[in-house]
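Here's a quick tour of a surface patch, a pocket and a cavity. Have the model open while you read.

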Amino acid sequence: MRLHSTTMDPVAIVFAILAGAVVLFVSNKVPLGVVAVGVSLALYLTGVLDLGSALSGFGDPTVLFIAALFVVSEAMESSGVIAWAGQQVIERAGTKRVPLALLLALLTAVVTALISVNGSVAAFLPLVVVVAMRAGIAPSQMLLPLAFAAHAGSMLALTGTPVNILVSDAAAEFGPRPFQFFEFALAGIPLLIGALAIIVFLGPRLLPHRHAPSAPLDVTTLAEQLRADYDLSPGDISVSSQRGITEVVVPPRSPLIGKHVFAGMSDAEGHLVILAIRRGEDLVEGTESRLQAGDQLLLDGSWEALNRRTSGNKDFLVVDHPDDLRRGVPLGEGAKRTLVVTGVMLALLITGVVPAAVSGLLAACALVLLNVVTPTRAYRAISWTTVVLVAGMIPLSTAFQSTGAAQLIADLLMRTVGDFGPTAALAAIALVTMVLGQLISNTATVLIMIPIAVALSQSMGASPLTFLMGLTVAGAAAFITPFATPANLMVMEPGQYRFGDYAKFGVPFMVLFFCVAVFWVPVVWPFTG
């Protein structure tokens, strides 16, 4: 039964829903997506919004664009574009900490501008751990800089984070125009320069020296290990853009038990070849070998054949899935197609020939049609938590605007800091955003703050562009807690970080982002613009 808001002030209902959402977000006991959907349903059931408005976020073009970017990110990672970029870093930076830290941070920031914070951190995390261990550097010295450089890099282009897309749409709706594709870089470049300085000069003192108990997969090291384990020569194992290897184990009750196999044997289709067989510490040789439970087989074949024959196969257990191994091959199969499609998408975004959502969806569909990613992998690559979170929180932002809740907060801030001028008002917006953004998703925070920032700018007769860009910078300042963004959380375990490590290293970044939001943004986007 739908509850009507005639007995209760709609503004009070909106604040109550917001308070409940914040509590649930902070508690981390309810999935983020469930909280976001609950917000939309609560706005409808209480009569604050009609059904169409309450569920409008799920059909919003911004949400579709965000989903499409995850598919592009998957293509860049799975085709080896990211691995190739990382390889270039290793070859050029050597093993010294400062050059490594600078190049990795710069590379992460640039890639983030194209595929978002979470995508770039997920893609580079294994690489950074491997590079650090090869250089004899504790991964804890490199991983938080990776995540924080990504946050700075998110301000280099429209595609850097969902927040940029949301704010640009708000600028088009409430301001004179949307933000251009690379316009964010006018704030992002100072942020990145400051972030690099903090990483280089303060990182060694503020970051802990801890080593992870295990390292991520390194394809080069794995190939060498397999050659030693199976007594093979370098020419026997081929890992390239076209062909690869994978190791499988025969489980108990497998129908393969008792079958005759031997090294050099191929499958019925001739697509896979058994390179070698191990039983415990010994190699199984000869043409009359019968498989037993626990036997290990090293298979060689095309990546497509390896994926097809190992995915969902109950006859054996896969030790390292071909998809995971393939990601470590620089410029593997589909890399050229990925680069072309991504380049066309960026050209469409920069020129504005078609809406952003259309360019993203065209790119995602092209990558599937060109067999760079399968439909299943495309669906799996999308962070549905992020998509549902944005879609579910958009109606709350709408409700803040339509009920007057945003104007109420703006009036309160106006009475508090209005006499001190627009700079103080912008500082208040930035401060509230940065505090709230450490407790809940920065995307959700910005959605809540957009109508407040717009209302405050209008009350002061200032340009909405100034307040919206300041809000964007403040929204990217998610440094103090591990759960402020998924990227922060990703590096926690491999870096062996504790809660206090984030605050210790994050405070200088918070100061940097606050100063850029409050003092630099009005220089580029004047209050009177």
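## The nonpolar patch

Helix H2 (residues 32–45) contributes the largest share of the nonpolar patch, three residues. This is a predicted model, so keep that in mind throughout. The patch covers about 470 Å² of surface and is built from Val37, Leu41, Leu45, Leu51, Leu55 and Phe58.

Leu51 sits in helix H3 (residues 51–54). Its relative accessible area comes to 46%, which makes Leu51 partly exposed. Patch residues need over 30% relative accessible area, so Leu51, at 46%, clears that bar.

## The second largest pocket

Next up is a pocket with about 730 Å³ of space, the second largest. It's lined by 32 residues, and those closest to the centre are Thr62, Ile165, Ser168, Asp169 and Ala170. Two or more lining residues come from each of helix H4 (61–78), helix H9 (162–174), helix H15 (335–351), helix H16 (356–369), helix H18 (384–403) and helix H21 (442–459).

H9 gives the most here, with seven residues. As for chemistry, the lining splits into 20 nonpolar, nine polar and three charged residues.

## The cavities

How many cavities of 30 Å³ or more turn up in the whole structure? The search finds two, and the largest has a volume of about 60 Å³. Around that largest cavity you'll find Ala101, Leu104, Ala105, Val128, Met142, Pro145, Leu146 and Ile199.

Helix H6 (97–115) and helix H8 (143–153) each supply at least two of the lining residues, with H6 giving the most, three. The lining has eight nonpolar residues, and no polar or charged ones.

Note on methods
Residues numbered from 1 in each chain as written. Predicted model: local features only at pLDDT ≥ 70, side-chain atom pairs only at ≥ 80, totals over all residues. Heavy atoms only, no water. 1 Å grid on protein atoms, 1.4 Å probe; cavity = no way out; pocket = protein on both sides within 12 Å on 5 of 7 lines; lining within 4 Å. Points joined across faces, edges and corners; volume = space filled by probe spheres on them. Helix = DSSP H or I, 4+ residues; strand = E, 2+ residues; numbered from the N terminus. Nonpolar A, V, L, I, M, F, W, Y, C, P; charged D, E, K, R; others polar. Patch = residues over 30% accessible without salt bridge, like charges linked within 9 Å, V, L, I, M, F, W, Y side chains within 5 Å. Areas by Shrake-Rupley, 256 points an atom, 1.4 Å probe, with all protein chains shown as cover. Salt bridge = Lys/Arg side-chain N within 4 Å of Asp/Glu carboxyl O. Buried < 20%, exposed > 50% of the residue type's maximum accessible area, 1.4 Å probe, protein only.
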